[in-house]
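Trainee: I would like a close look at one part of this model. Please take the salt bridges, then show me the setting around them.

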Amino acid sequence: MKISEIYEKKKQSLSFEIFPPKKDDELKNIDETLSVLCELKPDFISVTFGAGGSANSNRTIELAKKIKNEYKVEPVVHLTCLHYDKDEIDNFARVLQGEGIENILALRGDRTPKAVEKDAFKHSTDLIKYLKEKYDFCLLGACYPECHPESEDKVSELKCLKSKVDAGAELLLSQLFFSNDTFYDFVESCRIADINVPVIPGIMPVINAAQIKRMVKLCNAAFPERFQRIIDRYEDNKDALFDAGMSYALSQIIDLLVSDIDGIHLYTMNNPFVARKICEGIKNIV
């Protein structure tokens, strides 16, 4: 089922993000994580893109097949384009079609000195437009409530986002943030800019101070004062940081749900224990 069809039938969605394991022996942990996540009957699970290799050897697609066929949950495959040409993207698209996978989160991909950038797709909008014209996928796009790190300002960010939606993005998944007011302001700005597709907030529970600081730097997310106090007080106490971080994430989720946002997208970090705690915490409110 296409994710856009889900949103025609229900008011709010619940979804998770996982990433493909780098080694075959890590598949056991993936199955444990998926078993926990699927107990809550998510509307979809997105799988981050395993860069490198052909469509037939890409671990993202293999994991998406597992989610669809073994767990009977709709997968959303992340697909980056900066390092691929049109033939390679066509190969990915045909493999997905053959596996009955209907949903793609179209991304540019990170710039890295380890991979050569190609000329076919400079932005995710280029990929969305190309796939929309040739294939019958439901296309999702990414958004940054606090602006993409490479954006000049919020106005240019919204213009780019509007172009992405006009090209065919039917739903937007947000990067992580720690202030709900920031997200609400962002959604209001989207509506003023005539961006009217569902905008799904992305939430990442804090369980490791170093990890979250690294993610925040990459995603251009700010620390609210209340969140900063948690980091300052508990970053050297692993157990206390876990409990405080989970409580903070759950408070964000509850506030978002009662504020009638379009859904919740949880970054699980492939941690089954984190996944289980999340499920227990939100089981009675979704």
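Trainee: What is the relative accessible area of K122?

Mentor: It is 33%, and K122 is therefore partly exposed (buried is under 20%, exposed over 50%, partly exposed in between; 1.4 Å probe, protein chains only). This is a predicted model: local features need pLDDT of at least 70, side-chain atom pairs pLDDT 80 or more, while totals for chains, interfaces and linings use all residues. Numbering starts from 1 along each chain, and side-chain values use heavy atoms, without hydrogens or water.

K122 has a charged partner. Its side chain meets that of D119 in a salt bridge, with N and O 3.5 Å apart (Lys or Arg side-chain nitrogen within 4 Å of an Asp or Glu carboxyl oxygen). D119 is exposed, at a relative accessible area of 67%.

The structure holds 16 salt bridges. Take D43 and K10 next. Their closest N and O atoms are 2.9 Å apart. D43 sits in the loop between α2 (27-38) and β2 (44-47). K10 sits in the loop between α1 (3-9) and β1 (13-18). The pair therefore ties together parts that are 33 residues apart in sequence. (Helices, H or I of at least four residues, and strands, E of at least two, are DSSP runs numbered from the N terminus.) D43 counts as buried, with 13% relative accessibility. K10 is partly exposed, with a relative accessible area of 35%.

Now go to helix α6, residues 154-167. Here D166 forms a salt bridge with K162, and the closest N and O atoms are 2.9 Å apart. The two residues are four apart in the helix, so about one helical turn separates them. D166 is exposed, with a relative accessible area of 54%. Elsewhere, salt bridges that share partners join D31, K66 and E70 into one network.

What do the strands build? Eight of them close into a barrel with parallel pairing, in the order β1-β2-β3-β4-β5-β6-β7-β8 (a pair needs at least two DSSP bridges). Direction ignored, neighbouring strands of this sheet are turned by 30 degrees against each other on average. β2, the strand that follows the D43 loop, runs parallel to β3 (residues 75-80), and three bridges join them. One residue pair to find is S46 with its bridge partner in β3, V76.

Back to α6. This helix packs on the sheet and touches β5 (138-143) and β6 (171-176) (contact is heavy atoms within 4.5 Å). Its direction makes about 175 degrees with that of β5 (axes are fitted to C-alpha atoms, for helices over the stretch in contact; angles run from 0 to 180 degrees between N-to-C directions). The helix that carries the D166 and K162 pair thus has its place on the barrel sheet.
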